[in-house]
Amino acid sequence: MTKIPDIIKKAHKKAIQVRDNSYSPYSKFKVGAAIVTSQKNIYTGTNVENASYGGTVCAERVAIFEAVKNSEKKILEVVVVTDAKKATPPCGFCRQVIAEFMSSKTRIWLANTKEILECYKAEDLLPKAFTPKDLK
Ligand code: THU
């Protein structure tokens, strides 16, 4: 895997911390996410589940919405943390939401609470994504 930049190590730590706040009484699957924006700020999120199940929102989207709430709409990096041994990839909904705010350089880092396990280019995880350009 590529060398892990310091900002990713920092985002990983923040994702581990925020994961403790996961509201996941149904799946018991705690997820933490941290994104790094073009301004080099880090925004975090956890999964928030719902008794309806369908109302559940993943950690990645909560982190992205937090960035957008702060007027930051360019995502450089996404770090996803679970406590699984195997890397947990983002779901299809999250890939689509990441696509809205990504560039060709955006990377997705998959990690557990101990280490970063895998790294992908976001565009490789959702090839031929439907993006704002398609509405022009
Ligand atoms: N989940 C995330 O938060 N991010 C992912 O990348 C995969 C899945 C959450 C949604 C749900 O609360 C739980 O994990 C089980 O699917």
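Which residues of E1 are buried on one side, and which on the other? Keep that question in mind while walking through this predicted model. The route starts at a helix, crosses to the strands and ends at the ligand.

Begin with helix H1, residues 6-19. The helix has 14 residues, and at 1.5 Å a residue they should span 20 Å. The end C-alpha atoms are 20 Å apart, which agrees with that expectation.

Now look at the burial pattern of H1. Ile 8, Ala 11, His 12, Ala 15, Val 18 and Arg 19 are its buried residues. Viewed down the helix axis, they fall within an arc of 135°, so they line one face of H1. Buried here means under 20% relative accessible area. Turn to the other side of H1 and the picture flips: Asp 6, Lys 13 and Gln 17 are exposed there.

What does the buried set of H1 pack against? The partners are strands: E1 (32-37), E2 (42-46), E3 (75-82), E4 (102-112) and E5 (116-121).

Take E1 next. This strand is mostly covered, with 6 of its 6 residues buried. That brings back the opening question. On one side sit Gly 32, Ala 34 and Val 36. On the other sit Ala 33, Ile 35 and Thr 37. All of these are buried, so both faces of E1 are covered.

E1 also has strand partners. With E2, the pairing is antiparallel and runs over 5 bridges. Within this pair, Val 36 stands opposite Ile 42 of E2. The two strands form a hairpin, with 4 residues between them. In the turn, Lys 40 has a positive phi of about 65°.

E1 pairs with E3 as well. These two strands run antiparallel and are joined by 6 bridges. Here Ala 33 has Val 80 in E3 as its bridge partner.

Finally, the ligand. Which residues surround it? Ser 27, Phe 29 and Val 31 are among them. So are Asn 47, Glu 49, Thr 56 and Cys 58. Ala 59, Glu 60, Pro 89 and Pro 90 complete the list.

Three of these residues also appear in polar pairs with ligand oxygen atoms. For Asn 47, an N or O atom of the side chain is 2.9 Å from an oxygen atom of the ligand. For Ala 59, the protein side of the pair is a polar backbone atom, 2.9 Å from a ligand oxygen. For Glu 60, a side-chain N or O atom is 2.5 Å from an oxygen atom of the ligand.

Terms used: Residues are numbered from 1 along each chain as its sequence is written. This is a predicted model: local features need pLDDT of at least 70, side-chain atom pairs count only at pLDDT 80 or more; totals for chains, interfaces and linings use all residues. Side-chain values use heavy atoms; hydrogens and water are left out. The expected span of a helix is 1.5 Å times one less than its number of residues. Buried means under 20% relative accessible area, exposed over 50%, partly exposed in between (1.4 Å probe, protein chains only). The arc is that of the directions from the helix axis to the C-beta atoms. Contact means heavy atoms within 4.5 Å. Two strands pair if DSSP finds at least two bridges between them. A residue is near a molecule or strand if one of its heavy atoms lies within 4 Å of it. A polar contact is a pair of N or O atoms within 3.5 Å; within protein, one must be able to donate a hydrogen and the other to accept it, and residues adjacent in sequence count only if both atoms are side-chain atoms.
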